[in-house]
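Here are a few exercises to work through with the model open beside you. Try each task before reading its solution.

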Amino acid sequence: MATLRSLSSLPATASRSLLRTPSATTPLARSAAAACLQVQQRRHDSAPAYGKPTTVIPSWGYYKSKKSGDSNKVFSYFMVGSMGVLSAAAAKATVQDFLVNMSASADVLAMAKVEVALGTIPEGKNVVIKWRGKPVFIRHRTSDEIDEANNINISSLRDPQADEDRVKKPEWLVMIGVCTHLGCVPIGEAGDYGGWFCPCHGSHYDISGRIRKGPAPLNLEIPEYDFPTDDTLVIG
């Protein structure tokens, strides 16, 4: 054992020389020398390699495309364009589905237009109907009321508007019956001007539905309407 320890402390060249000497012909000597050489080799392998690079960057040449740079650009542009087209198609489908879901249903569309038979409304009378959840005033005006609506100094009105700009036929006045102040429903054939009066805050409208007195800032609103025939009124 002492001999093995002494041999392990020898340098590697000495161990190799010992194996080649004639005195190392005995099996014990040769085994000891070989064991010593193995120990020294393990020490050499485990020792840090100072001064040598510890990081080796692998070569990626195997994965590099063999095609030219222009070919790679064409492929990249094709992929980007394809993704753009697919994204645009998906966005269009999403927006279209959203608009379809948000569109008015059949029952709502049925209420979008209201047809009124004018022959049932006598001259000088008001009729109130419901359209899109709002009251609509229909007035069959007399000739005196038409003259009164036209004999007004428009420049003196709070919301200047000629009577002819508010009607399609002079004898028929069609308005949304909602006060432009706070949304109350005025009373017909009342007020200081013989038109409509809002009792909530005292707004007075004339026979053309124009604001003449009170806090309301604007005239009564005129909805979209038409006369398909002489005796039929369609609102909406």
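A salt bridge here is a side-chain nitrogen of Lys or Arg within 4 Å of a carboxyl oxygen of Asp or Glu. Keep in mind that this is a predicted model, where local features need pLDDT of at least 70 and side-chain atom pairs count only at pLDDT 80 or more, while totals for chains, interfaces and linings use all residues. Residues are numbered from 1 along each chain as its sequence is written, and side-chain values use heavy atoms, with hydrogens and water left out.

**Exercise 1. Find the salt-bridge partner of Arg-210, and decide whether the two residues are buried or exposed.**

Step 1: Look at the side chain of Arg-210; its partner is Asp-206, with the closest N and O atoms 3.1 Å apart.

Step 2: Check the cover, taking buried as under 20% relative accessible area, exposed as over 50%, and partly exposed as in between (1.4 Å probe, protein chains only). Arg-210 comes out at 1%, so it's buried. Asp-206 is buried because its value is 3%.

**Exercise 2. Work out which parts of the chain the salt bridge between Arg-139 and Glu-189 ties together.**

Step 1: Get the geometry: the two side chains meet at 2.8 Å, N to O.

Step 2: Place both ends, with strands being DSSP runs of E of at least two residues and helices runs of H or I of at least four, numbered from the N terminus. Arg-139 sits in strand β3 (residues 134-140) and Glu-189 in strand β5, so the pair ties together parts 50 residues apart in sequence.

Step 3: Compare the ends. Arg-139 is buried at 5%, whereas Glu-189 is partly exposed at 47%.

Step 4: Widen the view: Glu-145 joins Arg-139 and Glu-189 in a network of salt bridges. For the whole structure, the count is 7 salt bridges.

**Exercise 3. Trace the pairing from β5 through β6 to β7, and pick out the glycines with positive phi.**

Step 1: Strands count as paired if DSSP finds at least two bridges between them. β5 (residues 187-190) and β6 (residues 195-198) run antiparallel, joined by 3 bridges, and Ile-187 has Phe-197 as its bridge partner in β6.

Step 2: Carry on to β7 (residues 203-205), which pairs with β6 over 3 bridges, again in the antiparallel sense. There, His-204 is the bridge partner of Phe-197.

Step 3: Now the turns. The β5-β6 hairpin has 4 residues between its strands, and Gly-191 there takes a positive phi near 95°. In the hairpin of β6 and β7, also with 4 residues between the strands, it's Gly-202, with a positive phi near 80°.

Step 4: Don't skip the loop between β5 and β6. Asp-192 meets Lys-213 there in a salt bridge of 3.1 Å, N to O. That pair links distant parts of the chain, since Lys-213 belongs to strand β8 (residues 211-213), 21 residues away.

**Exercise 4. Give the strand order of the open sheet that contains β10, and name its edge strands.**

Step 1: The order is β1-β10-β9, with antiparallel pairing.

Step 2: The edges are β1 (114-117) and β9 (225-229), each pairing on one side only.

Step 3: Zoom in on β1 and β10 (residues 232-235): 4 bridges join them, and Glu-115 stands opposite Val-234.

Step 4: Finish with Thr-232, which lies in β10. At 17% relative accessible area, Thr-232 is buried.
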